[in-house]
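Subject: Structure handover

Hello,

Here is the structure for your files. My notes on it follow below.

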Amino acid sequence: MASSVVRYGLRMRETFSVVNQDVAQWFPGHMAKGLNQMQRKLKSVDCIVEVHDARIPISGRNPLFEHTLSAIKPHVLVLNKMDLADLRHRNSIVKHHTKEGIKHVIFTNCKRPESRGIKSIIPTVAEMIKNTERYNRSEETVYQLMVIGVPNVGKSSLINALRAKYLRKSKATQVGGLPGITQSVLEKIKVCEDPKVYLLDTPGVLAPKIRDVETGLKLALAATIKDHLVGEENIADYLLYRLNKNGNHSYVKYLNLEEPTDNIRQLLGLAAVNNGWKRKVRTQSGTQVIPDLQLSASKFIKGFRMGVFGPMILDDLENMKD
Ligand SMILES: Nc1nc2c(ncn2[C@@H]2O[C@H](COP(=O)(O)OP(=O)(O)OP(=O)(O)O)[C@@H](O)[C@H]2O)c(=O)[nH]1
């Protein structure tokens, strides 16, 4: 593979040898309760809006949703954070989901309520509901949608963006950079007057069985699993692998390095030394100042989450290019 050999003459990893981790521990138990609560509310819901991080457009989806929620009701898949995703793969991603039976895929950037994706959600949903028989609620003129997704993909931000667009209202629901911010279950929020549309916000729910360690690392990198559960060095190593695989060495400048590397320990150590990131440790003879590798790892990961290394997709779509 051409991108595996960089111009510095370094050979980069072509596959990621995964850390020996028990992924079962990455699933916080309270999430099962959230899923049950959502299922109980399904009767009063006309359409499911499944929000998903556009940077993990395939593997980031919670497989449980497919069987328990989305299969039962009309369903829209919203791929959010499109501003951070490499959209050259857009058509292939849509094609993939269409094959899986998802007819409506909408890309959004919730930071821009006036953008095309946000504008198209309510008309798409209204049209779908009109064409569906509403068994339990045929007299209702009010549409009720349930917003579901794994943690931190932007469910609350989507609700706020819709409220800003249709009701000119400021924030109704709390937004946070850490997974698991939405704790109050199924809050009903009006987002549109004509047609009258209410959304049920739900807490993010991960699959209890994460498919494999690599899928877990992608979810962690996209901030859907808490960093400490996976380990910041593991997440940083996976990021380094992905960047090198794409021939993207923009991290060299960002971390103040001299050249690319494929060794995470070396990267974290050099970044800490070159940027003066230090911490004190106690030793038998007093305290000692050492390079802070954990701070290096979190700065590196934060860079990815802010989009510093450019738009990216973490799923392997090489064979799916448009
Ligand atoms: N760049 C970018 N950031 C976004 C977008 N939408 C949301 N975010 C950010 O993503 C983070 C999580 O957003 P939330 O709306 O709290 O996500 P959530 O899915 O409700 O989170 P939980 O409550 O943990 O399930 C916040 O820091 C948002 O500012 C987007 O379209 N683009």
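How much area does the protein chain expose, and what share of it do carbon and sulfur atoms supply? The exposed area is about 16000 Å², and carbon and sulfur atoms supply 48% of it; accessible areas come from the Shrake-Rupley method with a 1.4 Å probe, and for residues only the protein chains shown count as cover.

This is a predicted model, in which local features need pLDDT of at least 70 and side-chain atom pairs count only at pLDDT 80 or more, while totals for chains, interfaces and linings use all residues. Residues are numbered from 1 along each chain as its sequence is written, and side-chain values use heavy atoms, with hydrogens and water left out.

Overall

The protein chain has 11 helices and eight strands; these are DSSP runs numbered from the N terminus, helices being H or I with at least four residues and strands E with at least two. Of its 322 residues, 52% are buried (buried is under 20% relative accessible area, exposed over 50%, partly exposed in between, with a 1.4 Å probe and protein chains only). Among contacts (heavy atoms within 4.5 Å) between residues at least 6 apart in sequence, 71% join residues at least 24 apart.

Helix H5 and the annotated site

The UniProt annotation "binding site", from an unreviewed entry, covers Asn80, Lys81, Met82, Asp83, Asn152, Val153, Gly154, Lys155, Ser156, Ser157 and Gly204. UniProt positions are given in the numbering used here, feature names are shortened, and annotations may be inferred rather than shown by experiment.

Of these residues, Ser156 lies in helix H5 (residues 155–166), and Ser157 is in H5 too. Ser156 is buried, because its relative accessible area is 7%. Asn152 is in the loop between strand E4 (143–148) and H5. Asn152 counts as buried at 13% relative accessibility, and has a positive phi of about 70° although it is not a glycine.

In H5, 10 of the 12 residues are buried, among them Leu158, Ile159, Ala161 and Leu162. They pack against strand E1 (47–53), helix H4 (116–130), E4, E5 and E6. At 1.5 Å a residue, H5 should span 16 Å, and its end C-alpha atoms are 17 Å apart, which agrees; the expected span is 1.5 Å times one less than the number of residues. Arg168, which follows H5, has a positive phi near 55°.

Helix H11

The end C-alpha atoms of H11 (residues 293–306) are 20 Å apart, in agreement with the 20 Å expected for 14 residues. Its buried residues are Ser296, Ala297, Phe300, Ile301, Gly303 and Phe304. Seen down the axis, they fall within an arc of 150°, so they line one face of the helix; the arc is that of the directions from the helix axis to the C-beta atoms. The face turned away carries the exposed residues Gln294, Lys302 and Met306. Cover for the buried residues includes helices H6 (213–221), H8 (232–245), H9 (251–254) and H10 (264–275).

Asp292 caps the N-terminal end of H11, with a side-chain oxygen 3.3 Å from the backbone nitrogen of Gln294. Gly307 follows H11 and has a positive phi near 85°.

Other backbone points

Most residues other than glycine have a negative phi, and most peptide bonds are trans. A cis peptide bond joins Asp194 and Pro195, with omega about 5°. Pro195 lies in the loop between strand E5 (187–192) and strand E6 (197–201). Asn256, in the loop between H9 and H10, has a positive phi of about 65° and is partly exposed at 40% relative accessible area.

Regards

Key
Polar contact = N/O pair within 3.5 Å; in protein donor to acceptor, adjacent residues only side chain to side chain.
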